[in-house]
Amino acid sequence: AFAVAESPDGNYLLSGGAGVARDRPHSTPQKPTVRLWSLDSGRLVRSFTGNASWHEPIAFSRDGTRVLTATLSVLKVWDAGTGKFLRELNLGDDYDISAFEETLDGKGIVALGTYENPLKTIDAATGRVSHAMHDSHILAEAISPDGHQVVSGDAAGSLKLWDLKTGRLVRTMPGHSDFVGSVAFSPDGGKVASASGDRTVRIWDAASGRNVRTLRGHDDQVL
């Protein structure tokens with residue numbers, strides 16, 4: 001498996017991979033499939049077929065009732081309980097989805113593209129793009145606990161905070177001297193943590209954008 005995701009209730013696990021026949025371990029990989037497993041019994045519950053690539057991101061919806069899979073520019077939505085395919089959301093032929101996250105209310109999806117693709121918010125029902133938050137080579141994103149903002153980290157070493165409702169830039173938080181590979185909000189949304197190729201982890205005050213602490217000690221890039 002090249003991607004995994006746990007259900008919100010902790011009872012199920014999604015895994016995505018190409019797979020090979022058990023009796024022919026060196027055979028050509030089979031068609032990419034996302035599988036749903038029971039964490040209690042370890043048994044396979046069902047499979048979701050029809051994905052074009054085995055290495056793309058997968059996720060549960062916030063309420064655990066739907067499964068979302070991404071292939072290049074397309075998000076597919078499935079019923080988690082039946083395995084039925086529900087709909088397809090296309091973000092544009094030139095868009096390559098590297099990560100995505102459903103908004104807190106379940107009505108939108110924040111999608112992160114590769115390379116120069118912008119951070120996009122789309123309507124979860126129609127796929128209509130609400131906002132395209134342009135930035136320089138965004139590598140990471142995280143939605144605030146209250147669902148009002150999203151923070152992004154880019155290849156230039158900056159963090160940017162965006163308003164999810166309007167798509168407007170709230171503030172920029174510079175400080176890293178190398179790329180920002182991952183970002184996260186604290187549970188109360190008051191702070192943001194960022195990990196960088198400059199071997200540091202920085203803690204930021206989300207309200208002011210001030211760097212309140214820098215953690216040093218890694219011998220290599222922090223991803």
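**A tour of an all-strand chain: loops, hairpins, sheet and pocket**

Let's start in a loop. Leu 72 sits in the loop that links β6 (66-71) to β7 (74-79). Its phi is near 55°. That is a positive value, and Leu 72 is not a glycine. Keep in mind that this is a predicted model.

Now step back to the whole chain. What is the count of helices and strands? There are 0 helices and 20 strands. The chain has 223 residues, and 47% of them count as buried. Next, contacts. Take those with a separation of 6 or more: 34% of them are between residues 24 or more positions apart.

On to three strands in a row: β14, β15 and β16. The middle one is β15, residues 159-163. Is β15 mostly covered or mostly open? It is mostly covered, with 4 of its 5 residues buried.

Look at its first partner here. Strand β14, residues 149-154, runs antiparallel to β15, and 5 bridges join the two. To find the register, go to Gln 149: it stands opposite Asp 163 in β15. The pair makes a hairpin, with 4 residues between the strands. In that turn, Gly 157 has a positive phi of about 95°.

Now the other partner. β15 is joined to β16, residues 169-173, by 4 bridges, and this pairing is antiparallel too. Here the register mark is Leu 161, which stands opposite Arg 171 in β16. This is again a hairpin, now with 5 residues between the strands. Its turn holds Gly 167, with a positive phi of about 80°. So β15 takes part in both hairpins, one with β14 and one with β16.

Further along the chain comes an open sheet. It has 4 strands, in the order β17-β18-β19-β20, and the pairing is antiparallel. Which strands stand at the edges? They are β17 (180-185) and β20 (211-216). Each has a single partner strand, so one side of each is left without a neighbour in the sheet. From one strand to the next, the twist averages 20°.

Zoom in on one pairing. Strand β19, residues 200-205, runs antiparallel to β20, with 5 bridges between them. One register point: Arg 202 has Thr 214 as its bridge partner in β20.

Just ahead of β19 there is another loop residue to check. Arg 199 lies in the loop between β18 (191-196) and β19. Like our opening leucine, it has a positive phi without being a glycine; the value is about 75°. Is Arg 199 buried, exposed or partly exposed? Its relative accessibility is 44%. Exposed would need over 50%, and buried under 20%. Therefore Arg 199 counts as partly exposed.

Last stop, the largest pocket. Its volume is about 380 Å³. The lining has 17 residues. Nearest the centre are Thr 103, Asp 105, Gly 108, Leu 164 and Lys 165. Three elements give two or more residues to this lining: β10 (108-113), β11 (119-123) and β12 (129-133). Which element gives the largest share? That is β11, with 3 residues. By class, the lining of the largest pocket holds 7 polar, 6 charged and 4 nonpolar residues.

To recap: a predicted model, with 20 strands and 0 helices. Two hairpins share β15. An open sheet of 4 strands has edges at β17 and β20. And the largest pocket is lined by 17 residues.

Technical notes. Residues numbered from 1 in each chain as written. Predicted model: local features only at pLDDT ≥ 70, side-chain atom pairs only at ≥ 80, totals over all residues. Heavy atoms only, no water. Pairing = 2+ DSSP bridges. Axes fitted to C-alpha atoms, helices over the stretch in contact; angles between N-to-C directions. 1 Å grid on protein atoms, 1.4 Å probe; cavity = no way out; pocket = protein on both sides within 12 Å on 5 of 7 lines; lining within 4 Å. Points joined across faces, edges and corners; volume = space filled by probe spheres on them. Nonpolar A, V, L, I, M, F, W, Y, C, P; charged D, E, K, R; others polar. Buried < 20%, exposed > 50% of the residue type's maximum accessible area, 1.4 Å probe, protein only. Contact = heavy atoms within 4.5 Å.
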